[in-house]
Each structure stands twice: as structure tokens, then as C-alpha cells.
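Open your viewer, switch on the cartoon representation and keep a selection box handy. We will go from stop to stop, and at each one you will hear what to pick and what to look for.

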Amino acid sequence: MGATIIAISGKSGCGNTTVSKLVSEALGWRLVNYTFRSLAQEKGMALEEVLALAESDVSWDRTIDTKQVELARSGDCVIGSRLAIWLLPDAALKVYLKASPATRVERIHEREGGDKSAIAQFTRERDAKDHKRYLETYGIDTDDISHANLVIDTELWDAPEIAQLIVSAFRSRRVE
């Protein structure tokens with residue numbers, strides 16, 4: 001039998017990283033959260049620079065996504081990434097986290113600081129570019145979340161409560 005995977009996706013500022021970490025801790029599983037931010041840090045580059053390169057060179061996406069899938073399939077884990085629920089269709093539980101653009105901007109500002117209007121503009125542009133790139137690269141429409149097993153509005157609960165919802169959903173799911 002293969003690895004048991006909980007895949008958690010959502011746009012920037014929806015709580016993917018925080019919630020994925022809390023779920024992995026609650027279950028005692030590995031956390032897989034290899035993102036453009038991770039790759040940028042490894043390469044000693046700014047996130048914006050890596051994102052700009054990824055716009056015209058799909059090898060950046062493929063590097064990230066291949067590594068995520070390999071890491072996830074190597075044992076029980078929680079994976080948090082933009083594309084996790086699409087790249088791992090056989091995950092035991094596929095969760096999509098959502099929040100309004102204003103909430104996302106506020107959370108990113110709390111996490112990284114900076115000018116809120118610049119963050120809002122960057123986030124809007126990144127969402128549009130990511131959507132286009134994923135559609136062109138993989139045929140994935142990240143606005144179509146219909147195959148997620150669980151969609152959570154992260155404005156309704158805090159991160160520990162959301163993590164508990166996910167753990168409860170995982171433990172109570174019907175396995176066929």
C-alpha cells in the first residue's frame with residue numbers, strides 16, 4: 001500500500017502553510033511544503049525573480065511540482081501547495097482553503113510586512129499569472145475546485161480550528 005497523503009491547496013494568504021503544519025503535527029506526519037519560496041531561498045534569489053522566470057520557463061514549475069510529488073509519495077504526509085489537490089488526485093483527503101482577497105492581503109502583510117496596496121497589487125497579478133501558467137502548463141484550472149473533498153473558508157475559523165476540522169474529516173472519511 002502506498003503513502004497516505006492529505007493534500008491542502010489554496011492561494012497565497014489562505015493559510016496553506018500554517019494549516020498544513022498544524023495538521024502534520026496533529027497526526028505526527030511529515031510536512032511537505034516545497035514551494036517557489038523554498039526554491040528561491042535555495043537558489044539565493046528573490047521570490048519575485050523566480051516567479052518572473054517561471055512565467056516564461058515551465059521548467060521552474062515542473063521542478064517544484066515533481067519534487068513535491070516525489071516527497072509526498074515517499075511516505076505518509078501532509079502536503080501544502082497551490083497545486084497539491086490537482087497533482088495528487090489519489091490523496092486520501094484533498095482540501096482547498098479559501099479567503100477573500102482583502103483577508104489574504106492582510107495575512108500576507110502580517111507575515112511579511114510592506115505596503116498593503118503593493119501587496120494587494122502583487123497578489124492580484126500573481127493569482128492571474130499563476131492561473132494562466134497552470135492552465136497552459138498542466139491544463140489545471142485552479143478556479144475549479146470541484147474535486148476537492150473539503151473546501152474551507154478560512155475566514156470562519158482560526159488556523160488551529162481549521163487543522164482540527166481537517167484531522168476530524170480525515171479520521172471520519174469512508175475508505176473504500
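A residue counts as exposed when its relative accessible area is over 50%, as buried when that area is under 20%, and as partly exposed in between. What you have open is a predicted model.

**Stop one: a residue in a loop**

Select S146, which sits in the loop between helix 7 and strand 5. Is S146 buried or exposed? Its relative accessible area is 61%, so S146 is exposed. Now add A169 to the selection, 23 residues away along the chain, and draw a distance between the two C-alpha atoms: the separation is 17 Å.

**Stop two: a residue in helix 7**

Next, pick residues 116-138, which make up helix 7, and find T137 within this helix. With a relative accessible area of 13%, T137 falls under the 20% limit and is therefore buried. Which residues does T137 touch, once its neighbours within four places in sequence are set aside? Show V58 and R62 as sticks, since T137 is in contact with both of them.

**Stop three: the sheet**

Colour the strands now. Five of them form an open sheet with parallel pairing, and the order across it is 2-3-1-4-5. At the edges you will find strand 2 (30-32) and strand 5 (150-153), each of which pairs on one side only. Turn the sheet and look along it: from one strand to the next, the twist averages 20 degrees. Then bring in helix 4, residues 59-73, which packs on the sheet and touches strand 1, strand 2 and strand 3 (77-80). The direction of helix 4 makes about 165 degrees with that of strand 2.

**Stop four: strand 1 and its partners**

Zoom in on strand 1, residues 5-10. How many of its six residues are buried? Six of the six are, so strand 1 is largely enclosed by the rest of the structure. Look at each face in turn: I5, A7 and S9 lie on one side, I6, I8 and G10 lie on the other, and all are buried. In a regular strand, side chains alternate between the two faces of the sheet.

Strand 1 pairs with strand 3 in the parallel sense over four bridges, and V78 in strand 3 is the bridge partner of I6. Strand 1 also pairs with strand 4 (residues 93-98), again in the parallel sense, over five bridges. Select G10 here and you will see L97 of strand 4 standing opposite.

**Stop five: across strand 4**

Stay with L97 and follow the sheet to strand 5, where the bridge partner of L97 is I152. Strands 4 and 5 pair in the parallel sense over four bridges. Strand 4 is itself mostly covered, with five of its six residues buried.

**Stop six: a pair of helices**

For the last stop, select helix 2 (residues 36-43) together with helix 3 (residues 47-56). Their packing angle is about 110 degrees, and their axes are 9 Å apart. The two helices are therefore roughly perpendicular to each other. Helix 2 passes helix 3 in a right-handed crossing. To see what makes the contact, show F36, R37 and A40 from helix 2 along with L47, V50, L51 and A54 from helix 3. Colour these residues by class and you get six nonpolar, no polar and one charged.

Note on methods
Residues numbered from 1 in each chain as written. Predicted model: local features only at pLDDT ≥ 70, side-chain atom pairs only at ≥ 80, totals over all residues. Heavy atoms only, no water. Pairing = 2+ DSSP bridges. Axes fitted to C-alpha atoms, helices over the stretch in contact; angles between N-to-C directions. Contact = heavy atoms within 4.5 Å. Parallel < 35°, antiparallel > 145°, perpendicular 65-115°, else oblique. Left-handed = near helix turned anticlockwise from the far one by under 90°. Nonpolar A, V, L, I, M, F, W, Y, C, P; charged D, E, K, R; others polar. Buried < 20%, exposed > 50% of the residue type's maximum accessible area, 1.4 Å probe, protein only.
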